[in-house]
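Got your viewer open and a selection tool ready? Let's take a walk through this one, stop by stop.

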Amino acid sequence: MSNKKPFEVTEKAGAFVAGIRSPGAGKTLQLTEEQARYPLILGELRQPEKKPQEAKPATASNTKARKD
């Protein structure tokens with residue numbers, strides 16, 4: 001079984017990327033690392049940017065209590 005990962009199609013891509021019809025710029029394709037290797041070199045694909053995680057709210061366990 002192959003492990004497919006999402007890759008984002010760039011504006012440089014033509015009608016086909018890695019032998020698959022391109023869904024369009026900004027859309028993602030599920031490809032193996034091997035399938036994506038050459039299109040990544042050409043700039044037709046890029047690995048999608050990970051969304052930054054939201055800051056965790058402060059809890060009692062990680063805040064210091066002040067004694068007056």
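What follows is a tour that begins with the whole chain and then moves to single residues.

**Stop 1: the whole chain**

Before you click on anything, keep in mind that this is a predicted model. Switch to a cartoon view and you should find one helix and five strands. Trace the chain from the N terminus and the elements come in the order β-β-β-β-α-β. Of the 68 residues in the chain, 22% are buried. Now turn on a surface: about 6100 Å² is exposed, and carbon and sulfur atoms supply 50% of that. What share of the contacts between residues at least 6 apart in sequence join residues at least 24 apart? That share is 51%.

**Stop 2: the sheet**

Select S1, S4 and S5 together. These three strands make an open sheet, ordered S4-S1-S5, with antiparallel pairing. S4 and S5 are the edge strands, each pairing on one side only. Zoom in on S1 and S4, where four bridges hold the antiparallel pairing. One residue to click here is Lys-5, whose bridge partner in S4 is Leu-31.

Now show the side chains of S4. Which ones point to which face? Leu-29 and Leu-31 go to one face and are buried, while Thr-28 and Gln-30 go to the other and are not. That fits a general pattern: in a regular strand, side chains alternate between the two faces of the sheet.

**Stop 3: two salt bridges**

Time to look at charges. Side chains of opposite charge can pair when their charged atoms come close. How many salt bridges are there in this model? The count comes to two.

For one of them, select Glu-33 and Lys-5, whose side chains meet with N and O 3.1 Å apart. Glu-33 sits in helix H1 and Lys-5 in strand S1, so this pair ties together parts that are 28 residues apart in sequence. Glu-33 is partly exposed, at 37% relative accessibility, and Lys-5 is partly exposed too, at 40%.

Next, select Arg-46 and Glu-8. Their salt bridge has its closest N and O atoms 3.2 Å apart. Arg-46 belongs to strand S5 and Glu-8 to strand S1, so the pair links parts that are 38 residues apart in sequence. Are the two partners buried or partly exposed? Arg-46 is partly exposed, with a relative accessible area of 35%, whereas Glu-8 counts as buried at 18%, because the cut-off for buried is under 20%.

**Stop 4: a buried charge without a partner**

Click on Glu-44, in the loop between helix H1 (33–42) and strand S5 (45–46). Glu-44 is buried yet has no salt bridge. How far away is the nearest side chain of opposite charge? That side chain belongs to Lys-12, and the gap is 9.3 Å. A salt bridge needs the nitrogen and oxygen within 4 Å, so Glu-44 and Lys-12 do not make one at 9.3 Å. Leaving aside neighbours within four places in sequence, the residues in contact with Glu-44 include Glu-8, Val-9, Val-17 and Pro-39.

**Stop 5: two loop residues**

Jump to Ser-22, in the loop between strand S3 (20–21) and strand S4 (28–31). Ser-22 is buried, with a relative accessible area of 17%. Beyond its neighbours within four places in sequence, Ser-22 is in contact with Val-9, Gly-14, Ala-15, Phe-16 and Val-17.

Then go to Ala-18, in the loop between strand S2 (16–17) and S3. What is odd about its backbone? Ala-18 has a positive phi of about 55°, although it is not a glycine. Ala-18 is partly exposed, at 29% relative accessibility.

**Stop 6: a nonpolar patch**

Finish on the outside. Select Tyr-38, Ile-41 and Leu-42 and show them as a surface. Together they form a nonpolar patch with about 340 Å² of accessible area. Leu-42 is found in helix H1 and is partly exposed, with 37% relative accessibility.

Notes. Residues are numbered from 1 along each chain as its sequence is written. This is a predicted model: local features need pLDDT of at least 70, side-chain atom pairs count only at pLDDT 80 or more; totals for chains, interfaces and linings use all residues. Side-chain values use heavy atoms; hydrogens and water are left out. Buried means under 20% relative accessible area, exposed over 50%, partly exposed in between (1.4 Å probe, protein chains only). Lys and Arg count as positive and Asp and Glu as negative; His and the chain ends are not counted. Contact means heavy atoms within 4.5 Å. Patches are made of residues with over 30% relative accessible area and no salt bridge: like charges are joined within 9 Å, nonpolar side chains (Val, Leu, Ile, Met, Phe, Trp, Tyr) within 5 Å. Accessible areas come from the Shrake-Rupley method with a 1.4 Å probe; for residues, only the protein chains shown count as cover. Two strands pair if DSSP finds at least two bridges between them.
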